[in-house]
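Could you walk me through this protein in the viewer, telling me what to select at each stop and what I will find there?

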Amino acid sequence: MSALKSISAFLAAAAVTASVGVGYAQGVKGTNQDLPDLGSPANAAISIEDEYHAGLSYVNEIRNTGLILTDPEVSQYAQEIGHSLSSHAEEGQHQFYYFVLRDPVVNAFAVPGGFVAIQSGLILATRNENELAGVLAHETAHVTQRHLVRQIVDQGHAGLLASAAMLAAVLLGATAGRGSPDAIEGAILAGQSAMIQHQINYTRSSEFEADRIGISTMADAGYDPLGMASFFDWMGRSGPEPSRVNAVQFLIDHPIFSDRVAEARDRADQIGRVRHEDSLSYRLIKERLRSVADDPQLARQYYVNLLKNGGGKSVEERYGKDVAEIATRNPAAAIPDLLELVRDYPKVTQFYGALGQAYLANNQLKESSAVLERAMTLFPRNVPITIRLAETLMRSGDNKRAHLVLLDLFNSVEPTPDQTRLIAKAANTAGDFADSYSYMAEFYLMTGNLNMASNQLQMALSLPGLDAVQRARYSARLEEIRAAMPKKDRNKDTVAGDSRNGGNSRY
């Protein structure tokens, strides 16, 4: 089995066995302190590029299930807090992409190549932003230290050593006249046990290493390093009870919580406390997730019960209730409160976005456009605001403007795959078919489908009326894609336009 196939096959098991803030589907790196030599073994076995493509393939499998949350506000926050950590990881080889899964399980895991998945249940379970940063810093450390690649290499070495030890024991028994079946079986079991114990020790060592490096990273990024120990301590004492099977697997894959908490606390004490107050974005996103990542009816009832018991009056709880009203198709109930929030907190982008979303859901297109245009003036190129405005413009039939505002945004901010597909849709409905094909080519590139990317660009080049700049740009991009394709695919006719739909891009 090739190294690339080894890492791809290992990913599914790695993600399944990932557990609360320590998911062993790999993560990041930190300061120069305690760094191992990453020189030859891992790099020789699997290149950074192969690691990225294996991780991308796995993330695309997740994307196809519909579990990745595409809500622009949630996605933006995940990227912001993730990049606040990865930018201090002092590594530079990986480009990180943090995303949220619609999953109530308290968990996060990293996939080789720079991808970090955060289950919505984890964000809701954290008690403050320092705890969330601690989990993400740990996962970021798994990636930068290339723990999965190093484990594959180590398992190969350990397997050879165990096999040699078993063979030596069998031969020794035979030459000494003790080659009975029981003796041979005992030698084999001893060798297998030694290999299993080696794997346990190696995995636990990786977890401790990710803790140490992650704590340094989060402190450098301005978060309280005690946040990691705080979350582990809560998980060990009061967190969700895992099933019996998961508990056994967790003990195999991860260090005992008491050990981790003690070392994490010691590490935090050595670094020194950093004062970090929860951002308003963290508090708002926690409340938003109750509706957009779970059952909005249950979320709405949650806020109704809060109000009955004298609660629900904080800014974030009001926002959460308004989001629940929108999600349960009762946007008119949210509009008055959101108007107050915008008036009282004119610098909070989430309130403008939610108000524009409420107006749109209530079919008040002019009002939605007005509030979002105002927000665009106050917060130029804010990703969620721009996306909300584009959605309103497209509903209003102003597809050309929607295309232009998204193009202006994504010329400055790198879009996610879903956002790239959105601008392709805007261009298509505006009649800008060449650009639409070009954007869809980028979408397929992001999701690792080179054949479809080539297909889209060939369709763009087949359109009449292209100017010289467009033709040169699409041709150059097509050549780049062909150069990256396997040789067997380069000469194939990859034009696959859907003639039944007039050759338009698919979304």
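Here is a tour in a few stops, from the whole chain down to single residues.

**The whole chain**

Before you click on anything, keep in mind that this is a predicted model. Show the chain as a cartoon to begin with: it has 24 helices and 3 strands. Now colour by burial, if your viewer can do that. Of the 507 residues in the protein chain, 51% are buried. If you draw contacts between residues at least 6 apart in sequence, 71% of them join residues at least 24 apart.

**Helices 16 and 17**

Select residues 349-361, which form helix 16, and residues 365-378, which form helix 17. The two axes come within 7 Å and cross at roughly 160 degrees. Angles over 145 degrees count as roughly antiparallel, so helix 16 and helix 17 are roughly antiparallel to each other. The crossing of helix 16 with helix 17 is left-handed.

Next, turn on the side chains where the helices touch. On helix 16, pick Y352, G353, L355, G356, Y359 and L360. On helix 17, pick L365, E367, S368, V371, L372, R374, A375 and L378. By type, the residues of this contact between helix 16 and helix 17 comprise 9 nonpolar, 3 polar and 2 charged.

**Helices 18 and 19**

Move along the chain to helix 18 (residues 383-395) and helix 19 (residues 399-410). Their axes come within 8 Å, with a crossing angle of roughly 165 degrees. Helix 18 and helix 19 are therefore roughly antiparallel to each other, and their crossing is left-handed.

For the contact, show V383, T386, I387, A390, L393 and M394 from helix 18. Their counterparts in helix 19 are N399, R401, A402, V405, L406 and L409. Sorting the residues of the contact of helix 18 with helix 19 gives 9 nonpolar, 2 polar and 1 charged.

**Salt bridges**

Time to look at charged side chains. How many salt bridges does a search of the whole structure find? The count is 29, and a few of them make good stops.

- Select R275 and E277. Their side chains meet in a salt bridge, with 2.8 Å from N to O. R275 counts as exposed, because its relative accessibility is 75% and the cut-off for exposed is over 50%.
- Select R283 and E316. Their side chains also form a salt bridge, at 3.3 Å from N to O. This pair links distant parts of the chain: R283 is in helix 12 (residues 280-292) and E316 is in helix 14 (residues 315-327), 33 residues apart. R283 is partly exposed, with a relative accessible area of 30%. E316, at 16%, is buried.
- Select R421 and D418. The closest N and O atoms of this salt bridge are 3.3 Å apart. Both residues sit in helix 20 (residues 417-429), and because they are 3 residues apart there, about one helical turn separates them. R421 is partly exposed, at 25% relative accessibility.
- Finally, select D71, E73, R288, R388 and E391 together. Salt bridges that share partners join these residues into one network.

**A lysine in helix 12**

Go back to helix 12 and select K286. Is K286 buried or exposed? With 13% relative accessibility, K286 counts as buried, since the cut-off for buried is under 20%. Add I123, L124 and T126 to the view: K286 is in contact with these residues, leaving aside its neighbours within four places in sequence. For a distance to check, take the C-alpha atoms of K286 and L122. They are separated by 10.0 Å, while the residues are 164 apart along the chain.

**A glycine between two strands**

The last stop is G113. Where is G113 found? Look in the loop between strand 2 (108-111) and strand 3 (115-119). G113 counts as buried, with 4% relative accessibility. Now display what surrounds this glycine: G113 touches E51, Y52, H94 and Q95, not counting residues up to four places away in sequence. Draw a C-alpha to C-alpha line from G113 to E51 and you should read 5.3 Å, although the two residues are 62 apart in sequence.

Methods. Residues numbered from 1 in each chain as written. Predicted model: local features only at pLDDT ≥ 70, side-chain atom pairs only at ≥ 80, totals over all residues. Heavy atoms only, no water. Salt bridge = Lys/Arg side-chain N within 4 Å of Asp/Glu carboxyl O. Buried < 20%, exposed > 50% of the residue type's maximum accessible area, 1.4 Å probe, protein only. Helix = DSSP H or I, 4+ residues; strand = E, 2+ residues; numbered from the N terminus. Axes fitted to C-alpha atoms, helices over the stretch in contact; angles between N-to-C directions. Parallel < 35°, antiparallel > 145°, perpendicular 65-115°, else oblique. Left-handed = near helix turned anticlockwise from the far one by under 90°. Contact = heavy atoms within 4.5 Å. Nonpolar A, V, L, I, M, F, W, Y, C, P; charged D, E, K, R; others polar.
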